[in-house]
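Student: I'd like a close look at one part of this model, namely the ligand sites. Please take me round them step by step, and give me the cut-offs as you go.

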Amino acid sequence: MMRENPPVNEPQDSDIEVGKPKDWAAGMPGVLHSMIPAIKDMGVDRTRKTMLSLNQKDGFDCMSCAWPDPDHRKAFEFCENGAKAVTWEATPIVVSSSFWAEHSVSDLLTRSEYWLGTQGRLTEPVYKPAGEDHYRPISWDKVFAIVGNKLNSLESPNEAVFYTSGRASNEAAFAYQLFARGYGTNNLPDCSNMCHESTGRALDPTIGIGKSTIAYDDFGKADLIIIMGQNPGTNSPRMLTALEEAKDNGAEIVAVNPLPEAGLRRYKNPQQVKGIIGHGTEIADQFIQIRLGGDMALLQAVSKRVLDAEAENPGTVLDRQFLDEHCEGLEEFTLHLAELDEGAVLEATGLRIDEIDELAARYLKAERVIITWAMGITQHKKAVATIKEIINLLLLRGNIGKPGAGACPIRGHSNVQGDRTMGIWEQMPQSFMDALGKEFGFEPPIDHGVDAVKTIQSMRDGGIKFFMALGGNLVGAIADTNAAEAAMHGTDMTVQISTKLNRSHAVVGKEALILPTMGRTEVDRQTSGEQFVSVEDTVCAVHPSFGVIEPVAPGLLSEVAIICRLARATIGEKTNADWPGFEKDYDLIREHISHVVEGCQDYNTKIRKDGGFVLPNGPRDSRTFHTPTGKAMITVNGLEFIGRPAATLILQTMRSHDQFNTTIYGFDDRYRGIKKGRHVVFVNPEDLAELSLEDGQQVDIHGVHDDGAQRVLRNYRVVAYPSARGCAATYFPEANVLVPLDKVADDSNTPVSKAVIVRLEPAQKQESPVKSF
Ligand SMILES: Nc1nc2c(c(=O)[nH]1)N[C@H]1C(S)=C(S)[C@@H](COP(=O)(O)OP(=O)(O)OC[C@H]3O[C@@H](n4cnc5c(=O)[nH]c(N)nc54)[C@H](O)[C@@H]3O)O[C@H]1N2
Ligand SMILES: Nc1nc2c(c(=O)[nH]1)N[C@H]1C(S)=C(S)[C@@H](COP(=O)(O)OP(=O)(O)OC[C@H]3O[C@@H](n4cnc5c(=O)[nH]c(N)nc54)[C@H](O)[C@@H]3O)O[C@H]1N2
Ligand SMILES: [Mo]
């Protein structure tokens, strides 16, 4: 079954083709785009086995995003990008033993993410000793001894960091955080620190839970769905089916985005006749082309209109009963918005008054409103305050805790929410820590740990010497690539538990280990029999995931097995955890989860019932708000937006259609009309004219930041594109070079990846001219 990797063909920048952006998403081309490479890479049998089990109740949970599954699943319950994620993991191509002698770490440093990812699955543990430039295969026993000895030789447990990416299962995550805390540190940063951290920071104090307040079925019951800062056509394509159903039931949809994203305009559902041969469904009734970072102003302006309407017709607009019974802060909020500067709103949003009035009218007309959001909201300096304004607007008309209404952050990684529930956080609440200590007979560390940004800063300053990652690609994903890589190079040891190669395997400490692991597609056999794992989706539904294909290589260990053996070698009996027992039978881990994690009582029983269970959720279930006052908090937030010095642009860094975060599947961004390349920067044509630049020109993108560091991306092709005025866009992870490490969101410390101030200059070195269509 294993296959050697074929040569990798990467396009040159001169191959880039620019066509017309699409105004519709998915449809048959979407399905074909996914199936042809799947069959080519995996063969017919593996493709059939994986695709037919994907998101089914007895199959595995798609690892591409955290979108929930409907109760009634279709035979093909997946999307194009889910199929890409599965194909990427379930490929039979493997990194051969000879690879490590052929490629030094210095050589890997010169390779692209695409090249690294296409080398195939990792199958044997490898070790790079200090002073050497090559990894070499090593036995698992040696791995555990090396890591255990290193961790036990540190001066303080806080010199070690345990990072998690959001694909880890609940079982792996729970065991991992227990290992870190048993060892003595709360240094448990995760990808969420760069993703939805702002969401938790805003929701916890306002509604008492950092999660969505809706269930899947609520989409079909809504009158109005407002989609803010999110590109579902690429990043959660199955959401388009839910939106189509909502529209069929009469809902209106508003998209708030600086870019006219294809999936927000029209959707051709490949599972319906009208989606295959017809025009599909018009998705957005109103497209609000907002400036980057203008959402806070827009939300305040809409809330003000709601309050003004109530003042005009008292008793008819606000949900007085709900506000009186369940909320606090209305008076201060009303006084604050009375002073709202409409001029500032127009400047911040770049919108016309009638567009804002139209949105307010839609909001006032609707009885049930859902607001969804993702990275276009969370990765801004005022992200936390902006999300609090989403809550304000919803609370005014009682749009939380009733059918068809609520706040819905759309999570990214497929189990990033579950990992948090299981304790992956550098600052878990005391109630969790107490329960953990009691369950495992130890004193968990008290001090809060470091998040992702602080991890890099502390490495840079010499505080952190040991780095372990349960999945992910921290140096690729975090801001300020050059600073991050220098910091990681300064550590004593880096350990990566991974399925495939990425940049973080090349940017290493003095000693480095790569520990290959099984993916979610693969059957996980332990001595007590086949195991399943569990995950939580974006609407708090927890369900089991069963691997369906044979592991890509014999001897591959599961994440749980690796963690249990690392823990045993490092902390032995420091806790009373039965590490070998956990590895043998994951039910034992789940039994402990039942005792420690709120809402998970009887986990083993509930997870086995009809596809799993939904975690309790105060706001959604009973309009209960676990805030210090016991009420939902309407908050006052001073308006701020992003200033733009003359001759600069605000640049957002986003995903193309052919990538999963730092994993590059290919070089097309089909919906935006880009083929065979990623080195493009999308700029509004009027901005181009103002800056005396031309469509198709090669430019260098210079970061404008006052710390003296030079941040530049060279030789990018300008693409004239209908983005909001002053707002440019390009792809991460490449663009992380431009994002300063210390530019973070207030309160959440999330890198401000959607608002980098840049200057475009004609490229110093002109590449050969590129084709344009
Ligand atoms: N295929 C695929 N699926 C994925 C991922 C992937 O990489 N590939 N990643 C997963 C992960 S971890 C996550 S977090 C999600 C991310 O899902 P998204 O949040 O959709 O991801 P981005 O590509 O960052 O897109 C941000 C969107 O917000 C808009 N935007 C940017 N700034 C602003 C702003 O100031 N205001 C408003 N209103 N809009 C703005 C952008 O134009 C863009 O449409 O997707 C998940 N799913
Ligand atoms: N500039 C900019 N930066 C960003 C963002 C942005 O919008 N702009 N988005 C941010 C967001 S939302 C996120 S979530 C982060 C993502 O940050 P990360 O989660 O750290 O990065 P990924 O690219 O998702 O990690 C991919 C790697 O995970 C490993 N992997 C995949 N599957 C498995 C598995 O099953 N088990 C294990 N052990 N390993 C596995 C593979 O080795 C793969 O190369 O990036 C953030 N960075
Ligand atoms: Mo994310």
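Tutor: Let's fix the vocabulary for secondary structure: helices and strands are DSSP runs numbered from the N terminus, where a helix is H or I over at least four residues and a strand is E over at least two. Residues count from 1 along each chain as its sequence is written, while chains are lettered from A and ligands numbered from 1 in the order in which they are written. This is a predicted model, so local features need pLDDT of at least 70 and side-chain atom pairs pLDDT 80 or more, whereas totals for chains, interfaces and linings use all residues, and side-chain values use heavy atoms, without hydrogens or water.

Start with ligand 1. A residue belongs to the surroundings if one of its heavy atoms lies within 4 Å of the molecule. For ligand 1 that gives 31 residues, with Asn257, Glu261, Asp295, His380 and Asn661 coming nearest. Helix H9 (232–235), helix H18 (375–378), strand S25 (649–654) and strand S26 (659–660) each supply at least two residues of that shell. Sorted by class, the shell holds 11 nonpolar, 16 polar and 4 charged residues. The classes work like this: Ala, Val, Leu, Ile, Met, Phe, Trp, Tyr, Cys and Pro are nonpolar, Asp, Glu, Lys and Arg are charged, and the others, Gly among them, are polar.

Now for polar contacts, meaning pairs of N or O atoms within 3.5 Å; within protein, one must be able to donate a hydrogen and the other to accept it, and residues adjacent in sequence count only if both atoms are side-chain atoms. The side chain of Glu261 puts an N or O atom 2.6 Å from an oxygen atom of ligand 1. Gly293 uses a polar backbone atom, 2.7 Å from an oxygen atom of ligand 1. Then there's Gln652, with an N or O atom of its side chain 3.0 Å from an oxygen atom of the ligand. On its own, ligand 1 exposes 910 Å², and the protein buries 99% of that. Those areas come from the Shrake-Rupley method with a 1.4 Å probe; for residues, only the protein chains shown count as cover.

On to ligand 2. It has 31 residues around it, and Tyr163, Ser165, Ala477, Glu559 and Thr662 are the closest. By class they split into 10 nonpolar, 16 polar and 5 charged. Nitrogen atoms of the ligand turn up in several contacts. One lies 2.6 Å from a polar side-chain atom of Glu559. A polar backbone atom of Ala477 sits 2.7 Å from a nitrogen atom of ligand 2, and a side-chain N or O atom of Thr499 is 3.3 Å from a nitrogen atom of the ligand. The protein covers 97% of the 930 Å² of accessible area that ligand 2 has alone.

Where does ligand 2 lie with respect to the domains? It lies between domain 2 (93–193 + 415–518 + 556–571) and domain 4 (649–772), because both give residues to its shell. Those domain bounds come from an automatic or database domain assignment.

There's a UniProt view of part of this as well: an unreviewed entry places the feature "domain: Molybdopterin dinucleotide-binding" at residues 649–754. UniProt positions are in the numbering used here, feature names are shortened, and annotations may be inferred rather than shown by experiment. In the model, residues 649–754 are 6% helix and 34% strand, with the end C-alpha atoms 12 Å apart.

Two backbone details round off the tour. The peptide bond from Phe732 to Pro733 is cis, with omega near 5 degrees. Pro733 itself is in the loop between strand S32 (727–731) and strand S33 (756–762). The other detail is Asp480, which has a positive phi of about 55 degrees although it's not a glycine. Asp480 sits in the loop between helix H23 (474–477) and helix H24 (481–489). Is Asp480 buried or exposed? At 7% relative accessibility, Asp480 counts as buried. The cut-offs are under 20% relative accessible area for buried and over 50% for exposed, with partly exposed in between (1.4 Å probe, protein chains only).
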